[in-house]
Amino acid sequence: MIGTLNRFEKQMIALRYWLMGSGFSRAKDALEIASELHNGKRRDGSEEFSHQLAVTHHVKTLTNNLLYPEDTLIISLFHDSVEDDKITLAEISEKFGDSIADCISNLSKFTPKDKIPKNLEFYYSMIARCPKCSIVKGVDRVHNLDTMVGAFTNKKKWIYLEETETGVLPMLKQARKKCSKQELAYQNIKYMLESQVKLLHHITLEGAE
């Protein structure tokens, strides 16, 4: 039976049972709700929720070095749900508390009510102050870079690469100074991002020749 499941289905089952076994009942509830919200398909035909699932699986590997493991897992599952108009901050606050809703609000690049883009310097400075948001944003960017080849236009690739170098990596450095107890988690994300940026610069430059 397991052999007939696709990769996405196996990852869902693995995360569900890991959360249950780890005693993260709130995060297990968040998984079920978030997977129902993000139930469409991506441009490449993959499951829409595959992104949130991949981000949360990565966060799962960092939990031993996180101050707030369950909260960080919940935030990873909902990190772009409000921005994508899947759920409101009020609904998240009601289900998981104000602190979770505040983190998701901080992770959104737009103000919830009027959708005005936030100033990026302010945006990353706010994220750097939060031990939960900073981890989720870093891991989110790891998966963004990992999946952008063949999915993003060249212009969007360059925007993401530049923002990673000028926004995400400096944010991780600031967050590590503010929350040294999560240093190993920040180092994990930093090294992955630096390797991706180096490789993607090479691929992009090669493709431009």
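## Close-up views of a predicted model

**View 1. Asp 71 and Lys 132 are both buried.** Welcome to the salt bridges of this predicted model. Asp 71 pairs with Lys 132, and their closest N and O atoms are 2.9 Å apart. This pair links distant parts of the chain, with Asp 71 in helix H4 and Lys 132 in the loop between helix H7 (120–128) and H8, 61 residues apart. The relative accessible area of Asp 71 is 15%, under the 20% cut-off for a buried residue.

**View 2. Asp 71 also meets Arg 26 in a salt bridge.** Here the N to O distance is 3.1 Å. Because Asp 71 belongs to helix H4 and Arg 26 to helix H2 (residues 25–37), the pair ties together parts that are 45 residues apart in sequence. Arg 26 is partly exposed, at 30% relative accessibility.

**View 3. Glu 163 and Lys 109 form a salt bridge.** Their closest N and O atoms lie 2.6 Å apart. Glu 163 sits in helix H9 (residues 154–178) and Lys 109 in the loop between H6 and H7, so this is another place to look at how the chain is connected: the pair links distant parts, 54 residues apart. Glu 163 counts as buried, with 8% relative accessibility. Back at the earlier pairs, salt bridges that share partners join Arg 26, Glu 70, Asp 71 and Lys 132 into one network. The count for the model comes to 8 salt bridges.**View 4. The loop between H4 and helix H5 (89–96) holds Ser 81.** Is Ser 81 buried or exposed? Ser 81 counts as buried, at 0% relative accessibility. Leaving aside residues up to four places away in sequence, Ser 81 touches His 38, Lys 86 and Ile 87.

**View 5. Asp 85 has a positive phi, near 60 degrees, although it is not a glycine.** Most residues other than glycine have a negative phi. Asp 85 lies in the loop between H4 and H5. With 59% relative accessibility, Asp 85 counts as exposed.

**View 6. Asn 106, in helix H6 (residues 98–107), makes contacts beyond its sequence neighbours.** Which residues does Asn 106 touch, not counting those up to four places away in sequence? They are Lys 118, Tyr 123, Met 126, Ile 127 and Cys 133. Asn 106 counts as partly exposed, at 23% relative accessibility. From C-alpha to C-alpha, Asn 106 and Val 139 are 15 Å apart in space, and 33 residues separate them in sequence.

**View 7. Helix H8 (residues 133–147) has the span expected of its 15 residues.** At 1.5 Å a residue, H8 should span 21 Å, and its end C-alpha atoms are indeed 21 Å apart. Since 13 of the 15 residues of H8 are buried, the helix is largely enclosed by the rest of the structure.

**View 8. Ile 13, Tyr 17 and Met 20 form a nonpolar patch on the surface.** Together they have about 320 Å² of accessible area. Met 20 lies in helix H1 (residues 7–21) and is partly exposed, with a relative accessible area of 47%.

**View 9. Confidence varies among the elements of the chain, from helix H10 to helix H4.** Helix H10 (residues 183–208) has the lowest mean pLDDT, 86, while helix H4 (residues 69–78) has the highest, 98. For the protein chain, the mean pLDDT is 92, and 94% of the residues reach 70 or more.

Terms used. Residues numbered from 1 in each chain as written. Predicted model: local features only at pLDDT ≥ 70, side-chain atom pairs only at ≥ 80, totals over all residues. Heavy atoms only, no water. pLDDT = per-residue confidence, 0-100. Helix = DSSP H or I, 4+ residues; strand = E, 2+ residues; numbered from the N terminus. Patch = residues over 30% accessible without salt bridge, like charges linked within 9 Å, V, L, I, M, F, W, Y side chains within 5 Å. Areas by Shrake-Rupley, 256 points an atom, 1.4 Å probe, with all protein chains shown as cover. Salt bridge = Lys/Arg side-chain N within 4 Å of Asp/Glu carboxyl O. Buried < 20%, exposed > 50% of the residue type's maximum accessible area, 1.4 Å probe, protein only. Contact = heavy atoms within 4.5 Å. Expected span 1.5 Å × (residues − 1).
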